[in-house]
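Reader: Could you walk me through this one, packing first and the overall layout after?

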Amino acid sequence: MSGIRIIEESCIGCRLCVKACPFGAIRMDGRKAVILDNCTLCGICVPACKFNAIDYEKGPVSNAVDITKYSGVWIFAEQKNGVPEPISYELLGAGRKLADDRKTRLTAVVIGDKLSDACEKLIAYGADEVMAVEDGSLAVYNDESYSDIFVQMIRKGRPEILLMGATTYGRSLAPRIASRINTGLTADCTRLEIDPADGKLLQTRPAFGGNLMATIICPNHRPQMATVRHKVMKPLEPDYSRKGLVTRPEVSIPRETSVKVREVVKTIFEMVSLAEADVIVSGGRGLGAPENFKLINELAEVLGGAVGASRATVDAGWIEYNHQVGQTGQTVGPHVYFACGISGAVQHLAGMSSSDIIVAINKNPDAPIFKVATFGIVGDAMEILPLLIKEFKAALG
Amino acid sequence: MNVIVCVKQVPGTNEVKMNKETNTIIREGAEAIINPFDTYAVEEGVRIKEQTGGKATVISMGIPSVAELLRQTIAVGIDEAVLLSDRAFAGSDSLATSYALSKGINKIGDFDLVICGKQAMDGDTAQVGPGLAEKLGIPHTTYVRKIEEIRKGYIRCQRMTEDGYEVIEMPLPAVITVVKEINEPRLPSLKGMMKAKKAEIRIMTADDIGADKDLCGLKGSPTQVVETFVPVHDVNSEMIEGTPGEQVKRLAEKLLSMKFMTVK
C-alpha cells in the first residue's frame, strides 16, 4: 500500500518537514509533525527530514516494464525546412554525455522532408545514428502523424532514454507519446545525469518558479523521457569527419490525418526568436510610452538580439504577447539580458534569472531587478538607451 | 455545444518565498487559487457555450476544499462543476492525472471540446492537456491563441509558435490548451455569485468514475521525486555609477570585453 506517515518515535519536532512542504500539508501537533489531508504525496519532505522519521512507501507501480530490454539514448531532432533547429544540437550535446556514460549509442530521430543535409549535420554534432523518416506529408510538424510515427519507432527500437526540446512542438509531442506508451516524462530539465550506482537517469528541474529544484527518476518504465529548454544544454563542436549511420526505419506513415495544419504564419521577423537568442533586450513600463519600444528594437537589432517585454507592457497593449518574458510568458536564458525600465516582479525574474549576464536599467535604485543584475545602472531607460545604441553601433560597426 | 474545462488548484503565486538564512520555503497565507492560465480556459469555455448553446462544465482533481474554489468558475458562467477527490488520486504525476481526468470526463460524457490552460503555475509542465487527449483517444492542439471557427464536429484554431502561429483544423471532440492571449476573463456578475453560492459541486471518487486504482495516484505514476534542493544564485551585482554618458561607456566596455557581444 502506498502512503506516507510520520514515525512518531523518530520525530523530534524540528519542523524541517513543515518548512520543506510546498503545500502546507504538515502541521505541528505539540512536538510531533502531522501530515494533513491536503498532502499530495510529492515526497519532498522525505529527504528534508534528518531523522528518517517519515515513512514513505510508494508501493508497486503499474505498467512497469522489463527495463533490461531497453537500451540506447534517443533525441528528437526538430527541423524546419530540412535544417535542424539549434535545440537539436543542444540535445545531442546532452545525449552524447549520457550515451557515453551508459556505454551505449546516441540516435537522433528526425521526421520531415528532404533531410539528407540534416542527417549529415546531426552526425557532425554527435549522433552515432540518425533515423530519418522522410515524406512530403511530413514537411510541416503535425501532432498526429509525428506522434504515430514516433510511437512505432519507440516500440520497435526500445530506447532507454528519450530527450526532446521543451519547445512548442516538443511540449506537445512528448506528453502525447508518454501517455500512449505509459511512461514517465519530466519537463524542462536543467540537468541530466546517469546515476553511477544503478544507471538510472537523474532528471533535475526547477519547481515553483525556480525557487526549488527537484531531481526526478523514472525507475520502472521506459523510455525515461525528459524535455529540455532552449539554451540549457551545450552543443558539441561540429566535426564533419565523424562517421555515423543514417537509417530509414520502416514505419507506416499515416496517409490522412484528422489534424490538419492549414497555414504557418510568421509574425515575428527578427533574426532570432526569444528562446534561441544570445542577447535579449526587454522593455518595461519604465519606457513611459508604447512608441518608445522602438529604442528597444533598435538596440536589439544592433546587438543581433531579440526583443522581450514585461507583462505590464503586454497587458497594456504596447507589444505582442509573443514577446512576453516571465512566468506567464516565455522562459529565456540568453548570454546577456537587458532589462530596461523593468522593476523585476518575481514572475518576471522567474522567466529570465538564469541568463548569464543581466543588465538592469531602472530609475528606482530599490527595484528588485537590481538584486539579480550583474550590472546595474540607476537611471532613466529613455536617456540611457539612445546612448547605448550609439555606443554599440560605434563599437560593433 | 458542450464544453468541459479542466482547472487546477495551485498555491497563490507569491506564496513560495525562500528564507535566505535557512534555505527553506517560507509559507505566507496558504491561500490557494485557480491556476491563472486556467481562467482563460474557463472564459473560452463560457464564451463557446454562450455562442453555440449547450453546457460548460468544469472538472478538477484535488482535495475536498477545491470544491469551494470551483464556485468561482460558476460565478463567471460555468454551469456545473465536478471535483474528482479521492485519496487514491494523491501523488499523481502528469500521466496519472491525465488518466483520472479522462475517466472523469468520460463519466460526464457528451462533450464536444475539452479546454485546458497552457500549463499550471506550480508545476509548469504543460503535459496534462496532450496526455489527457491521448487517454481520451482524441486529437489535441496546444497553445491556442484564437478559435477561428467552431461548429458541431469541427474546430479551426490558431496555435502560437515561437515565431508566429499556425492555423490548425481538427474534428471534434478534441482537446485544446489555451494561452492568455486568447481572451480577457470576465469578472463575476452579481447573479453569477448568487448562483455560485447555491451551486452544488459534484464530488466523484475513483469508484464513481470507474477508474482503475492501479493507474491512479502514486501507483499510476512512473516518475518520482528523489531529492529537492534550493538553487544557489551567486550574483555579484555591480552598480555602475557616473553620468549617463560615463555609465554607458563603462557598461559597453565591460560587455564587449566579455566577448558575448562581438559576434554578429
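Author: Sure, one term to start: contact means heavy atoms within 4.5 Å. This is a predicted model, where local features need pLDDT of at least 70, side-chain atom pairs count only at pLDDT 80 or more, and totals for chains, interfaces and linings use all residues. Residues are numbered from 1 along each chain as its sequence is written, chains are lettered from A and ligands numbered from 1 in the order written, and side-chain values use heavy atoms, without hydrogens and water.

Reader: Which residues does Val226(B) touch, leaving out those up to four places away in sequence?

Author: Val226(B) sits in strand S14 (residues 224-229) of chain B; strands (E, at least two residues) and helices (H or I, at least four) are DSSP runs numbered from the N terminus. Not counting residues up to four places away in sequence, Val226(B) touches Pro47(A), Thr215(A) and Ile217(A).

Reader: Is Val226(B) buried, partly exposed or exposed?

Author: Buried means under 20% relative accessible area, exposed over 50%, and partly exposed in between (1.4 Å probe, protein chains only). Val226(B) has 36% relative accessibility, so Val226(B) counts as partly exposed.

Reader: How are H11(A) and H6(B) oriented to each other?

Author: Their axes are lines fitted to C-alpha atoms over the stretch in contact, with angles from 0 to 180 degrees between N-to-C directions. The axes of H11(A) and H6(B) come within 9 Å and cross at roughly 45 degrees. Under 35 degrees counts as roughly parallel, over 145 as roughly antiparallel, 65 to 115 as roughly perpendicular, and the rest as oblique. So H11(A) and H6(B) are oblique.

Reader: And how do H7(A) and H11(A) lie relative to each other?

Author: The axes of H7(A) and H11(A) come within 10 Å and cross at roughly 20 degrees. The contact includes Leu299(A) of H7(A) and Phe392(A) of H11(A). That angle is why H7(A) and H11(A) count as roughly parallel.

Reader: In the largest nonpolar core, which residues touch the most other members?

Author: A nonpolar core is a set of buried Ala, Val, Leu, Ile, Met, Phe, Trp, Tyr and Cys residues joined through side-chain atoms within 4.5 Å. The largest has 43 residues, and those touching the most other members are Phe338(A) and Phe392(A).

Reader: How far apart are the C-alpha centres of domain 1 and domain 3 of chain A?

Author: Domain bounds come from an automatic or database domain assignment. In chain A, domain 1 covers 3-57 and domain 3 covers 274-396. The distance between their C-alpha centres is 42 Å.
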